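Hi,

Here is the structure I said I would pass on. Have a look at it first, and my notes follow below.

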Amino acid sequence: MNDTFLKACRGIKTEYVPVWFMRQAGRYMPEYQKIRQKYDFLTMCKTPEISAEITLQPVSILGVDAAILFSDILIPLEGMGIKIQFIEEKGPQVIPTIRKASDINLIKEIELSEVDYVFQTIKILKKTLKVPLIGFAASPFTLATYLIEGGSTKEFVNTKKFMFLEGKSFHDLMQLLTKAMRKYLSEQIKAGVHVVQIFDTWAGILSPFDYDLFVKPYINELINHLKEVPVIYYCSNTAGLSSNLREINADVLSIDWRIDMRQAAQIFKNQPLQGNLDPLTLLGSEEEVLLRTKKILIDGQLAKSHIFNLGHGVNINTSVDMLRRLVDFIHEFRIKEVPNA
Ligand code: CP3
């Protein structure tokens, strides 16, 4: 087993910087498209043999140092009495929506047997994987935005309306989702994942005051219950929330490109960091990609340990060759001289 990624998760400096990519399995890859032509996305997530095969694709094709379970952050809602759909061009849809206090009763306590396919996939993968496996869930807040909005949104009007009109019930919703994600992630750990990542894609829509009030306590509660494996906390658009994020208990903090890695290493002292190349850089020339990658790798040496990743998921227009070149460049890179902090 290649344990470079696990070492970096635990804050140990590694011989080379381990790398994996959020959304490393997906439509940009011809091998994924070939399977996707035969099945819809949910069928792929719900069939352990298919899901396991897709999880393995980027490991063999790109040579990354970790695999991430092929699934989606909305999948656990299926065990909570909520229906999910993925509609071409429109993205995810959640039915029914939860827009007021009384709607919370529509969400039932998570029934893990209803999403057993997730744990079966992990068990299959454990037998063949040569790199660590990352399990995941959304943060309670990011999951709530999908429940409240019913899908993707730009303004989050319904979420904020709920939050600022019925704050106490919003906290009840956070508590309920924290408990559900705790159970869901604990079961993934029991099935064998080596690390878990909490996706907080939408935390950055909040003011620092509201992040502290509605997000931070639930993230820390969740992390405190997941002691068996390292926990990575990914958030986006949160450069303005740096001092709030210092109070998050995650083993690894995964940051986006809107914050400089060198500055991040100074703000988050003694904290393993993951990130943070802008994924759309990969649509540019190799020269520009490697220039920015080299800077991130040098600056990442100032952190307690560094895992290379993108600041968000791989874009559908990304070339597989570019990602492969990037992985090779990162693996070959050695720091000769560590710059002063
Ligand atoms: O990273 C991986 O390779 C593991 C699999 C994974 C998927 N989604 C597969 C997927 C993971 C970790 C996710 C997380 C996820 N899903 C997030 C958090 C991370 C982020 O990107 O911000 C969010 C917000 C979602 C919700 C979601 N799922 C959206 C908005 C969409 C539609 C957008 C799109 O690209 O189509 C999805 C669908 C989805 N999830 C696909 C994949 C491979 C595309 C499905 C297809 O083939 O049509």
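**Thr 318 and other local details**

I started with a polar contact: a polar atom of the Thr 318 side chain sits 2.6 Å from the backbone oxygen of Asn 315. Keep in mind that this is a predicted model. Thr 318 belongs to the loop that runs between strand S9 (306–310) and helix H14 (320–332). Its relative accessibility is 4%, so Thr 318 counts as buried, the cut-off for that being under 20%. Leaving aside residues up to four places away in sequence, Thr 318 touches Tyr 28, Leu 282, Leu 283 and Leu 323.

Next, the backbone. There is a cis peptide bond between Ile 95 and Pro 96, with omega at about -5 degrees. Pro 96 is in the loop between strand S3 (91–95) and helix H5 (116–128). Another cis bond goes from Gly 275 to Asn 276, and there omega is near 0 degrees. Asn 276 is part of strand S8 (residues 273–277).

Two residues that are not glycine have a positive phi, and you may want to look at both: Phe 156, at about 60 degrees, and Asn 237, near 65 degrees. Buried or partly exposed, which is Phe 156, and which is Asn 237? Phe 156 is buried, with a relative accessible area of 3%, whereas Asn 237 comes out as partly exposed at 44%. Phe 156 lies in the loop between H6 and helix H7 (157–165); Asn 237 is in the loop between S6 and H11.

Helix H10 (residues 216–224) is also worth a look. Its buried residues are Lys 216, Tyr 218, Ile 219, Asn 220, Leu 222 and Ile 223. What do they pack against? The partners include helix H6 (140–149), helix H8 (167–191), strand S5 (195–200) and strand S6 (231–235). Helix H9 (208–214) and helix H11 (242–245) are also among them.

As for the whole chain, it has 14 helices and nine strands. The radius of gyration is 19 Å, which agrees with the value near 20 Å for a compact globule of 341 residues. The C-alpha atoms fill a box of roughly 60 × 45 × 35 Å along the principal axes, and 57% of the residues count as buried. Of the contacts between residues at least 6 apart in sequence, 74% join residues at least 24 apart.

On charges, I get 40 positive and 39 negative side chains, with the centres of the two sets 2 Å apart. The exposed area is about 14600 Å², and carbon and sulfur atoms supply 50% of it.

Cheers

Technical notes: Residues numbered from 1 in each chain as written. Predicted model: local features only at pLDDT ≥ 70, side-chain atom pairs only at ≥ 80, totals over all residues. Heavy atoms only, no water. Helix = DSSP H or I, 4+ residues; strand = E, 2+ residues; numbered from the N terminus. Rg over C-alpha atoms; globule rule 2.2 N^0.38 Å. Buried < 20%, exposed > 50% of the residue type's maximum accessible area, 1.4 Å probe, protein only. Contact = heavy atoms within 4.5 Å. Areas by Shrake-Rupley, 256 points an atom, 1.4 Å probe, with all protein chains shown as cover. Lys, Arg positive; Asp, Glu negative; His and termini not counted. Charge placed at Lys NZ, Arg CZ, Asp CG, Glu CD. Polar contact = N/O pair within 3.5 Å; in protein donor to acceptor, adjacent residues only side chain to side chain.
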